[in-house]
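Got the viewer open? Let's walk through this one selection at a time.

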Amino acid sequence: MDTGIRRPALTVGNISLSFHRAVAAVTRRVLEDSGHEVRTVEAPHQQLFEVQAAGELDVLVSAWLPSSHGKYLSPYRDHVQVLPAHYEPYCVWAVPPYVPADAVGEVADLARPDVADRMTGTIDGINPGAGISRFSARMVREYGLDRHGYAFRPGTEQSFVSRVERGIAEREWFVIPLWRPQYLNLLHGLRPLAEPKGLLGGVDSASPVVTNRAMDVIAPEALERLHKLHLGNEGVEAIDKLITSTDWHRWTPPTATWAARAPPPDDPTPCSIPYPTHHHQGVNSMTAPVPNLGLDHIALRTYDIDASVRFYTEALGFRFAHEWSAPEAGVNRCLFLDAGDDRVIELFDAASTPPGGSARNFDAEPRPSDEERARAATLVHFAIRTEEPAALFQRAVAAGARPLMAPARIETKGVTAMTLEVGFVYGPNGEVIEFIKRPRLQQS
């Protein structure tokens with residue numbers, strides 16, 4: 001429902017976690033439907049509130065009040081309006097569903113010697129400004145878990161998700177400091193532990209926070225819809241899972257640290273740059289539809305498959321998706337790592353000789369240099385799309401990748417000239433990885 005009326009532009013901000021992006025996407029759609037142009041930005045918890053306090057953010061989605069984010073909002077509470085809650089979040093400590101409930105039913109059970117011996121001691125979480133991170137650090141002390149080898153370690157959303165998926169794939173006993181709503185609950189059936197001391201903050205109300213200035217310019221019908229909008233924890237988790245695992249994210253908003261919006265399938269916007277078909281007359285003269293669903297995966301032989309998995313999940317944000325073998329096809333061990341939108345990197349272990357791969361066993365001969373492998377490879381490189389090539393380049397190098405070309409700005413020439421920002425590294429198996437920021441290609 002687009003009213004056709006152009007209203008003042010607005011900036012919507014969300015905390016840089018997937019379920020916050022989900023709710024921000026719905027909020028953005030409501031505002032755009034009423035004629036507002038919307039820019040979306042994201043930041044970690046405390047920083048996002050500081051951005052709004054500085055007057056640079058019109059709508060913050062969402063504040064968890066009163067427990068998790070109350071202290072961040074209080075310094076400027078008189079300058080904003082808190083709308084009715086869109087959902088009712090709460091924090092939990094959970095374990096995978098295969099951990100027996102009679103062995104670990106509540107947090108205090110973690111201190112039992114037989115359980116402590118089996119559980120992984122490091123409890124990995126998200127950034128330290130999150131309510132669940134603050135609560136978790138305190139719980140380790142209050143329950144005396146530090147005396148039994150437990151320690152809380154904050155991290156990034158990517159490292160947290162990768163750690164959960166890796167632990168579940170290996171059927172590890174470990175604690176997951178989590179919250180509702182979050183799609184991992186829905187995906188893995190995580191089981192919350194009882195927490196009788198009440199250190200996890202109780203149930204909050206997750207509400208949009210709108211500045212007084214923005215309240216005066218937001219279309220009345222949009223404000224009414226935002227007041228009435230209630231997604232619930234289950235609704236947010238369903239949207240979160242959809243965004244994280246399917247093509248639905250095509251209508252989510254552009255952000256400072258997230259891929260730019262691609263038009264939805266029914267977008268009527270015409271292509272403004274015709275393709276120079278005279279270069280490829282044979283291909284373009286074919287009239288039958290091409291059943292091409294896009295790039296599916298890139299396959300790599302590895303020297304150390306576990307080290308390769310750690311590199312791609314922890315440094316570059318890929319997610320564990322599937323592990324398999326097929327001895328009759330020369331596959332000893334293979335893993336799929338999801339890059340988003342069901343596009344994957346396929347990693348073969350050193351003993352595998354898959355179709356199209358080298359016939360030699362990777363662990364039976366001396367390892368050539370990165371440069372030798374790059375020169376001999378049929379695959380020149382593969383590229384990961386990002387809004388921040390320099391940041392991803394630095395993450396890769398910090399995780400052990402060797403620099404090939406530092407991120408640089410490139411102005412292309414030709415019929416469809418564009419500005420690119422690219423950087424290259426050698427991955428753990430000598431593969432050449434490009435990090436690229438580019439405008440969306442216009443197709444005809």
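Which residues does Leu145 touch, once you leave out those up to four places away in sequence? Select it and look around: the partners are Trp93, Val107, Leu110, Ala111, Met139, Val140 and Tyr150. Bear in mind throughout that this is a predicted model.

Now widen the selection to the core around that spot. Leu145 belongs to the largest nonpolar core, a set of 78 residues. Leu145 is also among the members with the most contacts inside this core, along with Trp93, Val104, Leu110, Phe160, Trp179 and Ile218. To see where the core draws its largest share, pick strand E3 (residues 59-65), which supplies six residues. Apart from this core you'll find another one, with 22 residues; try Leu300, Ile305, Phe311 and Ile433, which are among them.

Next stop: Ile176, in strand E8 (residues 176-180). With a relative accessibility of 1%, Ile176 falls under the 20% cut-off, so it counts as buried. Show what surrounds Ile176 and, ignoring residues up to four places away in sequence, you get Val92, Trp93, Ala94, Val95, Pro96, Phe160, Val164 and Leu190. Draw a C-alpha to C-alpha distance from Ile176 to Ala94: the pair sits 5.0 Å apart in space, with their positions 82 residues apart in sequence.

Then jump to Arg319, in strand E12 (residues 319-326). Is this arginine buried or exposed? Arg319 is buried, because its relative accessible area of 16% is under 20%. Its contacts, leaving aside neighbours within four places, are Val161, Glu165, Tyr183, Thr244, Phe336, Leu337, Asp338 and Gly340.

Time to colour by confidence. The chain has a mean pLDDT of 80, and 78% of its residues reach 70 or more. Strand E4 (residues 80-82) has the highest confidence, at 97, while helix H11 (residues 281-284) has the lowest, at a mean of 35. Select residues 246-292 as well: pLDDT is below 50 there, yet the model gives this stretch 62 contacts beyond near neighbours in sequence. Residues 374-378 also stay under 50, and for these the model has two contacts beyond four places in sequence.

Finally, zoom out to the whole chain. You should be able to pick out 14 helices and 18 strands. Of the 444 residues, 47% count as buried. Among contacts between residues at least 6 apart in sequence, 72% join residues at least 24 apart. Switch on the surface last: the accessible area is about 21600 Å², and carbon and sulfur atoms account for 54% of that.

Conventions. Residues are numbered from 1 along each chain as its sequence is written. This is a predicted model: local features need pLDDT of at least 70, side-chain atom pairs count only at pLDDT 80 or more; totals for chains, interfaces and linings use all residues. Side-chain values use heavy atoms; hydrogens and water are left out. A nonpolar core is a set of buried Ala, Val, Leu, Ile, Met, Phe, Trp, Tyr and Cys residues joined through side-chain atoms within 4.5 Å. Buried means under 20% relative accessible area, exposed over 50%, partly exposed in between (1.4 Å probe, protein chains only). Helices (H or I, at least four residues) and strands (E, at least two) are DSSP runs, numbered from the N terminus. Contact means heavy atoms within 4.5 Å. pLDDT is the predictor's confidence in each residue, from 0 to 100. Accessible areas come from the Shrake-Rupley method with a 1.4 Å probe; for residues, only the protein chains shown count as cover.
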